[in-house]
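Q: How should a bench biochemist read the packing, pairing and charge contacts in a model like the one shown below?

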Amino acid sequence: MKTLYTAILIAFLSSNFVAQEKSINENRFIRVGGIEQWITIKGEDKNKSVILFLHGGPGSVMSPYCDSIYRSWKKDFILVNWDQRGAGRTFGKNAPDKISEDYFIEKKLTLDTMVNDGIEVSEYLIKYLKKKKIILMGASWGSILGIKMVQAKPSLFKGYIGNAQFVGYKRNYLNAYKSVLALAESSKDSISINKLKMLGEPPYENTRDLGQMLRIVKKYERKNSTPLPDNWWKINPEYNNKVDKQNRFYGDDYSFLYFAGHKKMGIKSMVENLDFYNDSLTFKVPIYIVQGEEDILTSEKISKLYFEKIKAPRKGYFTIKGAGHNRNEFILKKQFEILKEKI
C-alpha cells in the first residue's frame, strides 16, 4: 500500500511539474524604444499562439484587468498585455517623482513612436517565445496602432482583429457629434443639446471640450447598449495600490493630451490628420473587425465603409447587437470565434 501511495504522489508531482513547465506567467519591464516598458505574458501552454492586446485610451491600460476579463482564454492562447509609452506602469517607471505641466509638454508623444514601440514589442515576443508570428488585437485607440503596425511590418503578424475601429480622427468625431446631438434632440434632452451646441462641432482646441462631448456620447451608449459584467473591472490585487493608481491617473491624462491636442499648451493631436480611407486600404494579413451596433464614437456607419474598401487575404466584418464602444461579453465571444476558426 505504501508503494502505491508513493507511486500516486510521484505521478501527481510529475504532472504538476509538466504543467508548470508548459505554462508561462511573467510580469516585467523590457527595454523598448529606449525606455523601460511594462508587459505581462500569461498562458497555460507555451506552444499556443500569442495574442498581443493593444489597449485603448491611449492611456487606458488593460494589464490590471486582464485576469478578470480574459482568464478563460489562457487555455487556448498566450496573452500579452503591454502598458504603452505614457500609460500605466510604463508611465510611472519613466516619469519624475513630481509630475508637472512642463513635463507633459517636454515629453512629446507621437504616433510614429508608438507604432515603432509596438513593432519592437512584437519582435521581442516572437524571439523570446520562439514564434514565427503573433496575433494583434486592438480596441479604440489600440485599433489605430493595430492598423499602423500590420501595415508597417506585416511579416510579424498572423492576423489582426479590431474592435471599436477608428478610421479617421476628424471623420469619427464629427460623426459622433452629429449622432449624439440627434439622439439628444429626439430625447428632448435640453441639457445635452445646449452643451453640444455650445461646444460646436469637433475638432476642438483643448481636451476639456472633447472630454465634455465624450461624456454625452458615453451617456447615450450606456442607455442603449448591454452593460459590461460587474466583475470585469475588478483590479488584480497587484495593481490595487496608491502608486499604480497614480500612474494610471497621470498616464491617462498625459496620453489623452497628445491624442486630443491642447492648443494652450502647444500640444498638437498626434492623430489630427489620421484617415485610413486615404492610406491604409491594402493589407498582407487577414483583417477582422468586430463592431458594436450601438457604438457612437467609432460607429458602424464609418467603419463599415472603410472595411468595404479594404483588400486583404481574408477579411470579415461582424456587427454585435447590444454592444457599444466598450467590449462586452458578446464582443469577446465573437473575437474568440474568429481566433479559433479564422486565424
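**Salt bridges, sheet and helices**

A: Start with one contact: the side chains of D76 and K340 meet in a salt bridge at 3.0 Å, N to O. The term requires a side-chain nitrogen of Lys or Arg within 4 Å of a carboxyl oxygen of Asp or Glu. This is a predicted model, where local features need pLDDT of at least 70 and side-chain atom pairs count only at pLDDT 80 or more, while totals for chains, interfaces and linings use all residues. Residues are numbered from 1 along each chain as its sequence is written, and side-chain values use heavy atoms, with hydrogens and water left out.

Q: Where in the chain do D76 and K340 sit?
A: D76 is in the loop between α2 (66–70) and β4 (77–83), and K340 is in helix α13 (residues 329–341), so named because helices (H or I, at least four residues) and strands (E, at least two) are DSSP runs numbered from the N terminus. The two residues are 264 residues apart.

Q: Is K340 buried or exposed?
A: Neither: K340 is partly exposed, at 47% relative accessibility. Buried means under 20% relative accessible area, exposed over 50%, and partly exposed lies in between (1.4 Å probe, protein chains only).

Q: How many salt bridges are there by this rule?
A: In general, side chains of opposite charge can pair when their charged atoms come close. Here the count comes to 14 salt bridges. One of them joins E238 and R89 at 2.9 Å, N to O. E238 lies in the loop between α9 and α10, and R89 in helix α3 (residues 88–94), 149 residues apart. E238 is partly exposed at 36% relative accessible area, whereas R89 is buried at 14%. Salt bridges with shared partners also join K42, D67 and K74 into one network. Another pair is R28 and E26, at 2.4 Å, N to O; R28 is partly exposed at 23%, as is E26 at 22%.

Q: What is the strand order of the sheet?
A: Strands are taken as paired if DSSP finds at least two bridges between them. The open sheet has 8 strands in the order β1-β2-β4-β3-β5-β6-β7-β8, with mixed pairing. β1 (24–32) and β8 (315–320) are at the edges with a single partner strand each, so one side of each has no neighbour in the sheet. From one strand to the next, the twist averages 20 degrees.

Q: Which strands does β3 pair with?
A: β3 runs parallel to β4, joined by 5 bridges, and also pairs in the parallel sense with β5 over 4 bridges. V50 has I78 in β4 as its bridge partner, and F53 has M137 in β5. Of the 6 residues of β3, 5 are buried.

Q: At what angle do helices α9 and α10 cross?
A: Angles run from 0 to 180 degrees between N-to-C directions of axes, which are lines fitted to C-alpha atoms, for helices over the stretch in contact. The axes of α9 (residues 207–224) and α10 (residues 242–260) come within 10 Å and cross at roughly 95 degrees. The two helices are therefore roughly perpendicular, a label for 65 to 115 degrees; under 35 counts as roughly parallel, over 145 as roughly antiparallel and the rest as oblique.

Q: Which residues make the contact between α9 and α10?
A: Contact means heavy atoms within 4.5 Å. T207, L210 and L214 of α9 meet F256, L257 and A260 of α10.
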